[in-house]
Amino acid sequence: MILNITKLRKKTTKIKFFFIFYFAVFSILLPISLMNNVHIKIDLFSEEPTQWLNNSNFDSTEYWFYNIKGDATDAQLNIYQGEANYKMIGDNGTYNFFSNLTQDTNWQVSENPDFPAFPDHYEINRSGACVSHYWIEGADQSVAVNWNRNLEMPVNMSDFIITSASLEAICNGTVQATPSVDNDGSEEYTGAIDVMSDSGIDTDPTGGGFQGATGDYIRYYVWISDEENNDIFEVAYNQTYNLGQDDPLIDTMEDTYMVCVPEEILIFYLSTVLSKDYKNFTISIGMRIWCEDNFWQDADNWTLMAIKSVNLTFSYEKKINQFTSASWCQIGAAIDEPNAEVTSAILRFKYKINHTWPASLSPFSEIRILLNDNFHSQSIPLTSATSSFQEAESGGFDVSKLILLGANITLSIQVFLANTFGLNKNITVSIDDVKLEISYIILEPAPDLTLVVYGLTGGIIALVTLFGLYELHFKYPPVVRRARKLRKKIQSKRKVKNPIEINNRDDILNNSYQDKIKILDLEPEPEQPELDDKIENIKQNIETEEMKKEER
Amino acid sequence: MPKGFIITRWTEDEGLVLYLNYPKDIPVDLDDMMRVFYAHITGAGEAGNVLVRLEKAQCNVASYFTGLEHEFPLMINLMLELGEDPDMFGEAILRQINQSILNYVMKYGSNITQAYDAMEKLKAYLKNALFLLERLKNLTKEQLLAQIYSNKKKRVILNILQNGPMSKKDLRNKIEDSLNVIISNIDTTLDPFIKTNLVKQDWIEGLSEIFLFLINDFTIIRTPPEKIVKDAKKNSPTSELAGKYLEKVKEFFLHYEPDNKDSLKIAQIMMNPDKYDFLSLFRARPYPMTKIPKGEGSTFTSTESLIQAMVSDNILTLIPDSRNIDWVFLLCDITSETFYPEYLLEIIRKLYINKQIKNEVVIKHLEFLENAYVK
């Protein structure tokens with residue numbers, strides 16, 4: 001059978017690496033696991049579930065306290081008739097300013113800052129706030145006049161939101177639309193108002209050409225501004241375009257409502273001008289006349305222009321600030337057992353609301369649970385509250401993970417307001433029957449395993465290292481390592497110039513044979529012929545000497 | 001197992017005639033014998049061995065012919081099964097058997113008065129020879145190694161593979177060129193190498209040949225009989241005998257130098273089943289000459305003559321005790337040990353550098369060597 005050894009070897013190597021990797025990961029995870037479980041779970045003493053809170057029915061204010069974060073005016077908390085209440089303070093109001101200018105002269109005239117030239121005549125009289133102006137090729141081509149009225153809000157608007165607003169302003173006017181005949185002099189200056197829809201009728205009788213880009217017009221307007229006139233907004237206007245038309249003749253504009261900005265913009269402008277001192281703002285009415293020079297000797301006769309009335313109305317509601325929260329809190333006892341482990345902590349309470357929560361204004365406002373300032377993952381949306389008490393959570397909230405050992409267990413039940421919105425009336429959220437039931441066991445402390453763990457870690461790492469070294473290197477005898485090294489070099493096409501210092505065949509055989517005959521303890525006899533000869537010579541010399549002595 | 005012997009004689013008058021068949025019931029087809037004879041005489045008709053496959057008789061014939069010039073031209077045919085090869089018995093054994101048969105024939109063949117007895121003795125010899133050959137089929141590993149060593153063709157294979165891997169085809173050509181023989185079935189020749197795990201054969205991806213890789217080497221040498229020496233050091237069997245024995249062993253190994261000639265000689269001793277039995281017997285303990293257990297395989301010769309032969313080969317030695325009874329001691333053991341051919345690493349490296357073999361072959365051989373190492 002022919003084996004594909006290369007494939008088998010690769011597979012085996014993969015398996016070895018898998019095991020080394022596995023042991024390496026294991027050697028890291030095991031000590032971590034041990035470090036995290038240094039207490040042996042021996043249940044020496046189990047506590048029955050204990051009601052951890054006092055005065056859970058709010059029979060009095062004892063044990064409970066509250067706090068409000070954010071705008072403190074947004075909420076009031078009290079305990080009343082066995083319930084803990086969170087009252088969100090709502091309020092509303094309507095402001096109206098109406099001026100019948102045919103009767104109300106309590107306005108201060110002023111110039112238009114951009115067009116400081118006044119018209120010929122301006123006053124408030126029975127016709128209202130009136131202007132008349134005759135221009136005849138003079139410098140007073142563009143004139144204007146304003147009347148101002150300072151207004152004061154009945155409340156400080158800093159904590160209110162304007163929720164609706166409307167403005168009505170009525171104006172009228174009479175002009176000379178067609179040329180007049182000047183019996184006493186030149187007919188050059190006709191006095192007629194020229195508008196773009198005039199088709200040359202007002203042109204100079206002597207034959208001059210009509211000149212015009214806008215035509216003559218008057219712009220009635222209503223401004224609001226802060227008291228310092230830093231922010232000025234035009235909130236209504238009416239600009240004529242055909243008053244003074246010759247054919248068909250239009251020389252009178254009956255009582256006409258000015259065009260008002262959209263309500264949202266009006267609210268924004270009102271909020272802006274009231275944001276300075278939250279109390280005062282200015283309303284201004286005005287008229288600006290533009291006498292376009294339409295031909296070389298033009299004249300325009302604005303007979304009587306008037307603003308008859310102004311009516312500004314807006315409603316406001318109490319502003320509830322985003323992230324305002326109000327909490328009922330109780331500081332409970334601590335679990336002072338050093339080796340306790342909480343097995344269960346269930347929080348139960350009931351809640352209700354006296355009015356349906358305005359979900360469209362603040363959909364994410366909710367009741368939150370905190371234990372020692374740590375939030376529980378579940379919350380109760382206020383939109384779910386009803387007018388009668390209901391369980392916040394069927395079976396209660398499992399808050400065991402939030403229970404700290406060795407510290408007072410502080411419970412906070414918090415109403416959290418998630419949006420800024422206007423609240424026009426008070427809404428009260430109430431809670432009752434707040435119970436926190438905690439069970440815990442006391443564990444026997446395990447001996448300090450740190451050294452053992454470190455030792456074990458070191459041991460395992462050493463073992464893995466040794467195992468890896470063994471598997472990859474030392475498992476193979478030196479001679480096989482040389483074979484592997486040579487093979488790898490050849491496989492990777494590296495040079496193998498250096499001879500391998502290794503026993504040749506004769507050396508191997510000789511070594512093997514020498515090992516075999518060791519058992520005989522063979523010691524070759526020392527060869528000492530010269531020494532023996534010397535000894536023999538000495539002996540002979542001694543014998544000769546002795547013989548000589550005897551002979552003597 | 002071998003089927004038997006058919007001995008034929010060539011005469012100029014009668015041609016090829018049957019001289020003896022053993023056992024009696026072995027069929028003799030003279031046409032087949034002529035085919036074998038032709039195989040011998042094709043060419044110079046000199047003495048030598050041939051292996052012929054007889055399809056009709058469904059057997060192989062390992063035949064030895066004395067040559068036409070011989071004074072008694074004789075063809076000794078060992079009839080084998082189809083799957084059997086004479087190599088499995090070792091050429092030395094077969095040569096010895098053939099020579100013995102020839103000796104019997106030459107000694108008695110011409111003496112008519114002794115012909116009957118001679119024929120009976122020859123038959124007895126043939127009986128024992130068949131028994132011997134049967135025993136040679138079930139060799140131990142060390143005998144298999146000895147068989148490899150004692151076979152010239154296999155020694156050449158070993159020498160070739162000791163110098164690097166080679167394809168089966170190239171090996172066959174090289175042997176045929178160097179020994180001037182035809183290898184009919186190289187796989188049969190390589191079989192003992194594979195069985196003894198000396199050689200691995202494998203395909204190389206991308207090459208169309210099977211390559212042979214030496215992964216273990218071996219030699220046969222004399223070594224001191226470990227157990228007997230240890231026992232002797234403990235004065236066993238007696239302090240007197242033990243002392244004398246240790247002296248003799250030390251004396252022998254002090255002057256013993258392993259060489260190829262002696263290795264070949266002791267390999268043939270290993271191949272002789274009777275001698276191998278004695279070798280195994282005396283490895284365990286020495287025996288007084290008078291109490292040597294009779295082995296089941298005493299085929300040819302008497303115990304005494306076998307022991308004398310092994311004494312003269314310096315395998316056994318006789319040491320008289322105080323009562324002048326000779327004790328038979330194992331003077332030297334015959335060790336045929338395999339060893340890891342680490343020297344091949346340098347040989348392979350040189351072959352690779354000189355680009356004498358392909359990279360794939362080098363890598364395959366190194367992989368085999370990595371896996372072949374046994375501590």
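This is a conversation about how the terms used for a predicted two-chain model follow from their definitions.

Colleague: What makes a feature countable in this model?
Modeller: The model is predicted, and local features need pLDDT of at least 70, side-chain atom pairs count only at pLDDT 80 or more, and totals for chains, interfaces and linings use all residues. Residues are numbered from 1 along each chain as its sequence is written, while chains are lettered from A and ligands numbered from 1 in the order in which they are written.

Colleague: Why is A:Asn321 called partly exposed?
Modeller: A residue is buried if 20 or more other C-beta atoms lie within 10 Å of its own, exposed if 12 or fewer, and partly exposed in between, with C-beta atoms placed from the backbone. A:Asn321 has 15 other C-beta atoms within 10 Å, and therefore counts as partly exposed.

Colleague: Where is A:Asn321 found, and which residues does A:Asn321 touch?
Modeller: A:Asn321 is in the loop between S17 and strand S18 (325-334) of chain A, where helices (H or I, at least four residues) and strands (E, at least two) are DSSP runs, numbered from the N terminus. Not counting residues up to four places away in sequence, A:Asn321 touches A:Gly70, A:Asp71, A:Asp74 and A:Thr420; two residues are in contact if their C-beta atoms, placed from the backbone, lie within 7 Å. From A:Asn321 to A:Asp159 the C-alpha to C-alpha distance is 8.7 Å, with their positions 162 residues apart in sequence.

Colleague: How do you know that strand S17 (residues 300-320) of chain A pairs with strand S6 (residues 92-100) of chain A?
Modeller: Two strands pair if DSSP finds at least two bridges between them. S6(A) and S17(A) are joined by 9 bridges and run antiparallel, so they meet that condition. Within this pairing, A:Tyr95 stands opposite A:Phe314.

Colleague: Which other strands of chain A are joined to S17(A) by bridges?
Modeller: Strand S9 (residues 128-135) of chain A is joined to S17(A) by 6 bridges in the antiparallel sense, with A:Ala129 opposite A:Ile307. Strand S11 (residues 160-175) of chain A also runs antiparallel to S17(A), over 15 bridges, and there A:Ile170 has A:Ser309 as its bridge partner. Strand S26 (residues 421-423) of chain A has 3 bridges to S17(A), again antiparallel, and A:Lys319 is partnered by A:Gly422 in S26(A).

Colleague: What makes S10 and S12 of chain B members of one sheet with S11, and which strands are its edges?
Modeller: The open sheet has 3 strands in the order S10-S12-S11 (chain B), with antiparallel pairing. Its edge strands are S10 (287-288) and S11 (316-320) of chain B, since each pairs on one side only. S11(B) and strand S12 (residues 326-330) of chain B are paired over 5 bridges, and B:Pro320 stands opposite B:Asp326 in S12(B).

Colleague: Which helix packs on that sheet, and at what angle to S11(B)?
Modeller: Helix H9 (residues 239-255) of chain B touches S11 and S12 of chain B, and its direction makes about 145 degrees with that of S11(B). Axes are lines fitted to C-alpha atoms, for helices over the stretch in contact, and angles run from 0 to 180 degrees between N-to-C directions. Helix H12 (residues 303-312) of chain B lies across S11 and S12 of chain B, at about 105 degrees to S11(B).

Colleague: What makes a set of residues a nonpolar core, and how many residues has the largest?
Modeller: A nonpolar core is a set of buried Ala, Val, Leu, Ile, Met, Phe, Trp, Tyr and Cys residues joined through C-beta atoms within 7 Å. The largest has 97 residues, and B:Val199, B:Ile220, B:Met270, B:Leu316 and B:Phe329 have the most contacts inside it. A second, separate core of 55 residues includes A:Ala169, A:Trp302, A:Met305 and A:Val310.

Colleague: How many residues bring chain A and chain B into contact?
Modeller: In chain A 30 residues are in contact with 35 residues of chain B. The largest share of the chain A side, 9 residues, comes from H4(A).
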